[in-house]
Amino acid sequence: MSDRFRALILAGSRGGVDPVAAYAGVAHKALIELDGLTLLDRVSRALRDAGATEIAVSVSDDAVRAASTMLGLTVLTAASGPSHSVRDGIEALGAPLLVTTVDHALLQPEWITRFLADVPADADVAAMLARQDVIEAAAPGTRRTYLRFADGAWSGCNLFYFATPRSVAALDLWAQVEADRKRPWRIVRRLGIGTLVRYMSGRLTLVAALAHLGRLAGLEAAAVATPFGLAAVDVDKPADLDLVRDLVARA
């Protein structure tokens with residue numbers, strides 16, 4: 001796989017007041033400063049340092065739009081949800097495309113490089129995940145949402161790779177998963193009764209579950225485990241911002 005790639009940063013808004021932005025005293029959490037850099041700047045720098053040749057950002061806020069332009073990013077108007085924004089990103093930039101979020105405050109180039117290197121050659125789409133024990137070793141006490149499988153409890157890391165044009169077939173499924181992201185059992189229910197029974201009895205692995213979801217969408221989907229526990233820490237709530245500020249200060 002080439003070490004050069006194009007990337008999309010999701011920086012849209014769900015509407016209403018964002019509690020993290022309000023807590024930080026800014027208009028949008030993309031503009032939160034961490035160690036002298038906005039989150040938008042930090043994420044785009046990590047992508048560039050990892051080899052991104054073009055970076056687009058999906059925005060719904062005028063201040064974020066202006067900041068993106070100042071950083072030399074390609075600006076796209078955010079759609080009604082993340083999956084639709086990714087579809088627009090693939091239309092604008094093509095595939096392969098690496099996708100991440102603007103609240104991935106601790107994102108490091110080596111996490112990206114390792115993820116891309118570990119994506120299976122036959123995968124149409126891949127998602128990076130971290131095991132609970134790896135996350136808690138890196139950030140004791142952090143509270144994440146976990147999917148519990150036979151091979152451990154896993155949390156997403158907000159890094160996705162859309163390797164081929166047919167990976168857009170995953171986006172309808174993503175929209176469904178996004179709607180159920182806080183209710184993991186509903187996500188698993190989409191796998192069918194036999195797979196659900198395996199999940200409930202503790203015999204379903206994450207790899208098997210994601211591969212089956214991919215087959216339902218007519219593509220090859222892969223879960224890529226990361227050894228970097230902090231990759232699962234995003235700024236989703238005020239406590240997360242306190243955590244990343246503390247981690248950056250200690251580093």
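Is Val59 buried or exposed, and what is its relative accessible area? In this predicted model, Val59 is buried, with a relative accessible area of 0%. The residue belongs to strand β4. Leaving out residues up to four places away in sequence, Val59 touches Ala11, Val64, Arg65, Ser68, Val75, Leu76, Thr77 and Ala78. Val59 may also be placed relative to Ile9: 50 residues separate the two in sequence, while their C-alpha atoms are 8.8 Å apart in space.

From this residue the reader may turn to the nonpolar interior. The largest nonpolar core has 53 residues, and those with the most contacts inside it are Phe5, Leu47, Leu98, Ile112 and Phe115. Two or more residues of this core come from each of the elements β1 (5–11), α2 (39–50), β4 (52–59), α5 (109–118), β7 (125–131), β9 (152–162), β10 (221–225) and α11 (238–250). Of these, α2 gives the most, with six residues. Phe5 illustrates how parts of the chain meet here. Apart from its neighbours within four places in sequence, Phe5 is in contact with Leu47, Ala50, Gly51, Ala52, Thr53, Glu54, Leu98, Ile112 and Leu116. A second, separate core has 15 residues, including Ile90, Val125, Leu171 and Ala221.

The strands can be followed next, beginning with β6. This strand spans residues 97–101, and five of its five residues are buried. Both faces of β6 are covered, with Leu97, Val99 and Thr101 on one side and Leu98 and Thr100 on the other. With β1, strand β6 pairs in the parallel sense over four bridges, and Ala7 stands opposite Leu98 in β6. With β9, strand β6 pairs in the antiparallel sense, also over four bridges; here Leu97 stands opposite Phe162 in β9.

Strand β9 leads on to β7. These two strands pair in the antiparallel sense over six bridges, and the bridge partner of Val125 in β9 is Phe162. Phe162 is thus a point of reference for both pairings, standing opposite Leu97 and serving as the bridge partner of Val125. Strand β7 is mostly covered, with six of its seven residues buried. Strand β7 is also joined to β10, by five bridges, and the two run parallel. In that pairing, Met128 stands opposite Val224 in β10.

Some details of the backbone deserve attention. Most residues other than glycine have a negative phi, and most peptide bonds are trans. Where does the model depart from this pattern? The peptide bond from Ala95 to Pro96 is cis, with omega near 10°. Pro96 lies in the loop between α4 (82–93) and β6. Asp35, although not a glycine, has a positive phi of about 55°. Asn158 is likewise not a glycine and has a positive phi of about 55°. The settings of these residues can be set side by side. Asp35 is in the loop between β2 (33–34) and β3 (37–38), and it counts as exposed because its relative accessibility is 62%. Asn158 is in strand β9, and it counts as buried because its relative accessibility is 18%, under the 20% limit for that class.

Helix α11 also contains a charged residue of interest. Is Asp240, which has its place in helix α11, buried or exposed? Asp240 is buried, with a relative accessible area of 3%. Not counting residues up to four places away in sequence, Asp240 touches Arg144, Asp234 and Val235.

Helix α11 also takes part in a pocket. The second largest pocket holds about 170 Å³ of space. Its lining consists of Arg42, Leu106, Gln108, Glu110, Trp111, Leu230, Leu247, Val248 and Ala251. The elements that give two or more residues to this lining are α5 and α11. By class, the lining has six nonpolar, one polar and two charged residues. Both α5 and α11 also appear among the elements that give two or more residues to the largest nonpolar core.

Methods: Residues are numbered from 1 along each chain as its sequence is written. This is a predicted model: local features need pLDDT of at least 70, side-chain atom pairs count only at pLDDT 80 or more; totals for chains, interfaces and linings use all residues. Side-chain values use heavy atoms; hydrogens and water are left out. A nonpolar core is a set of buried Ala, Val, Leu, Ile, Met, Phe, Trp, Tyr and Cys residues joined through side-chain atoms within 4.5 Å. Buried means under 20% relative accessible area, exposed over 50%, partly exposed in between (1.4 Å probe, protein chains only). Contact means heavy atoms within 4.5 Å. On a 1 Å grid over the protein atoms alone, a cavity is a set of points where a 1.4 Å probe fits but cannot get out, and a pocket is an open set with protein on both sides within 12 Å along at least five of seven lines; lining residues have an atom within 4 Å of a point. Grid points are joined across faces, edges and corners, and a volume is the space filled by probe spheres set on the points. Ala, Val, Leu, Ile, Met, Phe, Trp, Tyr, Cys and Pro count as nonpolar, Asp, Glu, Lys and Arg as charged, and the others, Gly among them, as polar. Two strands pair if DSSP finds at least two bridges between them.
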